[in-house]
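Reader: I'd like to learn how to read helix packing and strand order in a model. Could you walk me through it?

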Amino acid sequence: MNGLGKLFLCLLFALSAQAQKTYLHCGQLIDCRSGGIQQEMTIVVEGNEIVEVLKGYVGSASEGAIIDLRGATVMPGLTDMHVHIEGETGAGSYAERFRLNPADIALRATLYAEKTLMAGFTTVRDMGGTGVNVSLRDAIDRGYVKGPRIFTAEKSLASTGGHADPSNGVRKELMGDPGPAEGVINGVEDARKAVRQRYKNGADCIKITATGGVTSVSKNASGPHFTVEEIEAIVATANDYNFHVAAHAHGPEGMKRAVLAGVTTIEHGTMMTPEIMDLMIEKGTYLVPTISAGKYAISKVETPGFYPPIIIPKILEVVPFVDKTYPEAFKRGVKVAFGTDAGVAPHGDNAKEFEYMVAAGMDPMQAILSATVVPATILRVSDKAGTLEKGKWADIVAVPGNPLEDISVMSKVNFVMKGGVVYKAP
Ligand SMILES: [Zn+2]
């Protein structure tokens, strides 16, 4: 090759090395920082980041790629703070722990991850599985699999016989005696060890089951399952690793202990009393309502074989609190983070939760903020996520129509960009 040819090639490499800009023309924009909805805006993306947000439609085809979202409302990628990405409850799912290998779980979970991303959820917090969730997170980050950014609790922590004891409902010879390595603790030493094991296993946060649960094969959904001292040991150890703690809780006593011990989020919070609401407001604890899970469980209660018989009375006991508790908690001013418990309800239907939240009295903009700004704060990534502004990850979604007027459009996400890569376009 002659000198001129080499020079030409160098120039070509230099040009292509400079990341191409993408201009998103947004008919309406909810940037989740200015408080309202803006008309005719342009988001400029370069690489995996937003480099500018400008008034009017800026940029031309000669300057970069143009994405026409003039007929849509554009907002930050959504976050679901409570999913179980590894599975989905249904007839037969209770026998899976005896049949499926980790690879089976992993390959199937890739489908759930993709559905979640395509529904506009560019980030999820996984609230407990077998540990496949850690590998899935890494596979997504490396680009092997399409899915949301995952912040995972890996395996959630229970006391013996508690909601997340993996040997519940198993015949005695198979029960064994799971301990901190398996996420089962009794006493403060176990509590510390279980958190440290989660750190070693690659978790991003800690989940505890502070009361009984509905979908586990055990009798009681509402009793307290940890002492305050155990939860305090979990929270203190979690802090050492920069983890926050999420506490599953239905009944009031276990919920109160978790709030007093300093957890960051209460999951479900079904039987929350006004006293606990006030305590949460005082301590800044967030509620993750997961209304979708209750609505879905009650819709399946009469389907033969869908749930093991021991679970049915618990659904009937707990779910009626959904319509009483959340309107009161929202009105009283408890801080709320969006979460569905997808896995109990189907993956990909996550956005239905917005409709339930608004029906329970939440303002649509507050509901959107609970899935954008609020999760970024809890997950400690506010410098990179939650709003649309310069320097943030280019995690951007769009819906047809105006969600502040009709919240159901949140279920019709027609554009998904994560880290500057377009996964879905109108
Ligand atoms: Zn859950």
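**Sheet first, then a helix pair**

Author: Sure, and keep in mind that this is a predicted model. Start with the open sheet: its 7 strands come in the order β3-β2-β1-β4-β13-β14-β15, and the pairing is mixed.

Reader: Which strands are the edge strands?

Author: Look for strands that pair on one side only: here those are β3 (49-55) and β15 (421-424). As for twist, neighbouring strands in this sheet are turned against each other by 30 degrees on average, ignoring direction.

Reader: What holds strands together in general?

Author: Backbone hydrogen bonds do the pairing, in a parallel or antiparallel fashion. For a case here, take β13 (residues 396-400) and β14 (residues 415-418): they run antiparallel and are joined by 3 bridges. Within β14, Met417 is the residue that stands opposite Ile396.

Reader: Now the helices. At what angle do α8 and α9 pack?

Author: About 15 degrees, with the axes of α8 (residues 252-261) and α9 (residues 274-283) 10 Å apart. Angles under 35 degrees count as roughly parallel, so α8 and α9 are roughly parallel to each other.

Reader: Is the crossing of α8 and α9 left-handed or right-handed?

Author: Left-handed.

Reader: And which residues of α8 and α9 meet?

Author: From α8 you have Pro252, Met255, Lys256, Val259 and Leu260; they meet Glu275, Ile276, Leu279, Met280 and Lys283 of α9. Sorted by type, the residues of this contact are 7 nonpolar and 3 charged, with no polar ones.

Definitions and conventions:
Residues numbered from 1 in each chain as written. Predicted model: local features only at pLDDT ≥ 70, side-chain atom pairs only at ≥ 80, totals over all residues. Heavy atoms only, no water. Axes fitted to C-alpha atoms, helices over the stretch in contact; angles between N-to-C directions. Helix = DSSP H or I, 4+ residues; strand = E, 2+ residues; numbered from the N terminus. Parallel < 35°, antiparallel > 145°, perpendicular 65-115°, else oblique. Left-handed = near helix turned anticlockwise from the far one by under 90°. Contact = heavy atoms within 4.5 Å. Nonpolar A, V, L, I, M, F, W, Y, C, P; charged D, E, K, R; others polar. Pairing = 2+ DSSP bridges.
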